[in-house]
Amino acid sequence: MEQTIKEARAELKYARISARKVKIVADLVRGKKVDEALAIIKFTPKASSEILEKLLKSAIANAENNHDMTHGNLYIAEIYANQGPTLKRIRPAAKGSAVRIRKRTSHITIVLREYDK
């Protein structure tokens, strides 16, 4: 008899922030209960905090509405940010040359699970 693990997930693709910046805040909340994670994200002064807060709230809503999971038992099982495609732009530089600007994007995923009772 195989035990299936209930999990809820939320993904954000092509976020206009580099994966490196997202990973700083993601590492702070990995494995934490969702309420504690929301508090940490709210008071972390980083660019990715706003994006991760919105995504975490979406994952919580998915868990409650689509998977019948209890808010109090949820924790962040997985959270990761992978690199997305890079937008390449050109900026004029000295002596008629050009410098390439790389505007990086990322794909962010949050997976929530319930604690075993």
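**Exercise 1. Decide whether A81 is buried or exposed, then list what it touches.**

Start with the number: A81 has a relative accessibility of 4%, so it counts as buried, given that buried means under 20%. Keep in mind that we're working on a predicted model here.

Next, place the residue: A81 sits in strand 2. Now look around it. Leaving out residues up to four places away in sequence, A81 touches A19, V22, K23, H107 and I108. P45 makes a handy reference point: it is 36 residues from A81 in sequence, and the two C-alpha atoms are 18 Å apart.

**Exercise 2. Do the same job for I76: where does it lie, and which residues does it touch?**

I76 is in strand 2. Its relative accessible area is 1%, so I76 is buried. On to the neighbours, again skipping residues up to four places away in sequence: V29, R30, G31, K32, A37, L56, I110, V111 and L112 all touch I76. Finally, check E114: it is 38 residues from I76 along the chain, with 8.9 Å between the C-alpha atoms.

**Exercise 3. Work out how helix 2 and helix 3 run relative to one another, and who makes the contact.**

First, find the elements: helix 2 covers residues 34–42 and helix 3 covers residues 47–66. Their axes come within 9 Å and cross at roughly 160°. Angles over 145 degrees count as roughly antiparallel, so helix 2 is roughly antiparallel to helix 3. As for handedness, this crossing is left-handed.

Now the residues. Helix 2 brings V34, A37, L38, I41 and K42 to the contact, while helix 3 brings S49, L52, E53, L56, K57 and I60. Sort them by class and you get seven nonpolar, three charged and one polar. Two names should ring a bell: A37 and L56 are among the residues that I76 touches.

**Exercise 4. Find the aromatic pair and classify its geometry.**

There is one such pair in the structure. In general, you describe a pair of aromatic rings by the distance of the centres and the angle of the planes. For Y75 and Y115, the ring centres are 4.6 Å apart and the planes sit at 20°, so the pair is stacked; the cut-off for that is under 30 degrees.

Then see what the pair joins up. Y75 belongs to strand 2 (residues 74–83), and Y115 to the segment after strand 5 (106–114), so to speak distant parts of the chain, 40 residues apart. Last step: Y115 has 35% relative accessibility, so it counts as partly exposed.

Note on methods: Residues are numbered from 1 along each chain as its sequence is written. This is a predicted model: local features need pLDDT of at least 70, side-chain atom pairs count only at pLDDT 80 or more; totals for chains, interfaces and linings use all residues. Side-chain values use heavy atoms; hydrogens and water are left out. Axes are lines fitted to C-alpha atoms, for helices over the stretch in contact, and angles run from 0 to 180 degrees between N-to-C directions. Helices (H or I, at least four residues) and strands (E, at least two) are DSSP runs, numbered from the N terminus. Angles under 35 degrees count as roughly parallel, over 145 as roughly antiparallel, 65 to 115 as roughly perpendicular and the rest as oblique. A crossing is left-handed if the near helix is turned anticlockwise from the far one by less than a right angle, and right-handed if clockwise. Contact means heavy atoms within 4.5 Å. Ala, Val, Leu, Ile, Met, Phe, Trp, Tyr, Cys and Pro count as nonpolar, Asp, Glu, Lys and Arg as charged, and the others, Gly among them, as polar. Rings of Phe, Tyr and Trp (its six-membered ring) pair if their centres lie within 6.5 Å; planes under 30 degrees apart count as stacked, over 60 as edge-to-face and the rest as tilted. Buried means under 20% relative accessible area, exposed over 50%, partly exposed in between (1.4 Å probe, protein chains only).
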